[in-house]
Amino acid sequence: FAQLQAHFVTRNETRESHAASGTVDTEGRLLAFWYGGSEEGAYDVRLFRAYLGESRWEEPAALVDVHLAQQQLGRYVRKIGNPVIFQHSSGRQYLFFVTVSAGGWAGSALNAKVSVDQGQSWRPMQRLVTSPFLNISTLVRGKPFEYADGSIGLPVYHEFLGKFPELLRISPDLEVLAKHRLHHGSASLQPEVAILSHSDAVAVMRSAETRPRYIWTTRTNDGGMTWMLPRPLKLPNPNAAVAILALDPDSLLLIFNDTQQYRRDLTLARSDDGGQSWRRLYRFEDSRDTDPDLDLQYAYPWLGRDTSGQFHLLYTWHQREIKHITFNSSWLEQVSADE
């Protein structure tokens, strides 16, 4: 039977909560990471984790703060953010996140923590070397994935001297093995990659342009070594993150804000031709007709699927909480048929 449920992951631990990422561990449990504090970029921001229990989310726990980052990295850290969690087939869990020592997010450094016991303990964090130029302005947001040889594909982006997305290939020991540009210039950022086969993948990207704003897309057919010339989809984007998930090589799901200006809705779309065309299926949230002066937004979606086939959507709810929506294949097929 069709099933759709909604819950909140957070318990008002902080004034603001933002940018959730999820994964399914080796025991089949869904876990989420996000950052929270008095406001984005504040000194009191911490990285939180929570597990989904049988009927509700367990109590969130803070794992990383600025003081711990300074101690383990051996450098001054002014702010932290954008945690991305990844479950590797080896059993290791990788937590990627950014730190800033000076300036804004464009001055971010990419860091990682590793757990070999399913998050019970974590090795000291380390800074990844992604650029010979000051080793800054590499930010993370998109879901990682695993190559056949066990290396990790990590979608990243830059905001210093241009805005553009890249794909890092990282060894299990956190050595950056390769870096491939997905888009040049300053038009897009925050790539999300959907794997279609051993050689094919499609990526979608947030628009960094002023007008008009559309979701950007590109694809590869050689395992990510080269990417085709990006093009805008016929779907709007208000300079906001999007999420994508492959059901099979032809069928894809997309979560996005269906507007060019505000993050006032959260919409589900589906493609059955490998991402060439899309049809809107459902709005999980819709505040488009409310007062534009009200601070209402739905942002930074993460979409995944657990070992039972259940779908999970995590996103920022008005930048105050992290919301979780779960639905099954029957519900998806029902809304697909309705359209």
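**Exercise 1.** In this predicted model, determine in which sense strand 1 and strand 25 pair, and over how many bridges.

*Solution.* Strand 25 covers residues 321–327, and its pairing with strand 1 is antiparallel, extending over five bridges. To place one of these contacts at residue level, take Ala6, whose bridge partner in strand 25 is Ile325.

**Exercise 2.** Place this pair in its sheet, and explain why strand 1 and strand 23 each have one side without a neighbour there.

*Solution.* The sheet is open and consists of four strands in the order 1-25-24-23, paired in the antiparallel sense. Strand 1 (4–8) and strand 23 (298–305) stand at the edges with a single partner strand each, and therefore one side of each lacks a neighbour in the sheet. As for the geometry, neighbouring strands of this sheet are turned against each other by 20° on average, with direction ignored.

**Exercise 3.** Classify the ring pair of Trp34 and Phe48, and state which parts of the chain the pair ties together.

*Solution.* Over the whole structure, a search finds eleven aromatic pairs. For Trp34 and Phe48 the ring centres are 5.8 Å apart and the planes stand at 10°, so the pair counts as stacked. Because Trp34 belongs to strand 3 (residues 30–37) and Phe48 to strand 4 (residues 46–51), the pair ties together parts that are 14 residues apart in sequence. Both Trp34 and Phe48 are buried.

**Exercise 4.** Identify the rings over which Arg29 and Arg181 are placed.

*Solution.* Arg29 lies over the face of Tyr51, 4.0 Å from the ring centre, while the charged end of Arg181 sits over the ring of Phe164, at 3.7 Å from its centre.

Conventions. Residues numbered from 1 in each chain as written. Predicted model: local features only at pLDDT ≥ 70, side-chain atom pairs only at ≥ 80, totals over all residues. Heavy atoms only, no water. Pairing = 2+ DSSP bridges. Helix = DSSP H or I, 4+ residues; strand = E, 2+ residues; numbered from the N terminus. Axes fitted to C-alpha atoms, helices over the stretch in contact; angles between N-to-C directions. Phe/Tyr/Trp six-rings, centres within 6.5 Å; stacked < 30°, edge-to-face > 60°. Buried < 20%, exposed > 50% of the residue type's maximum accessible area, 1.4 Å probe, protein only. Lys NZ or Arg CZ within 6 Å of the ring centre and 35° of its normal.
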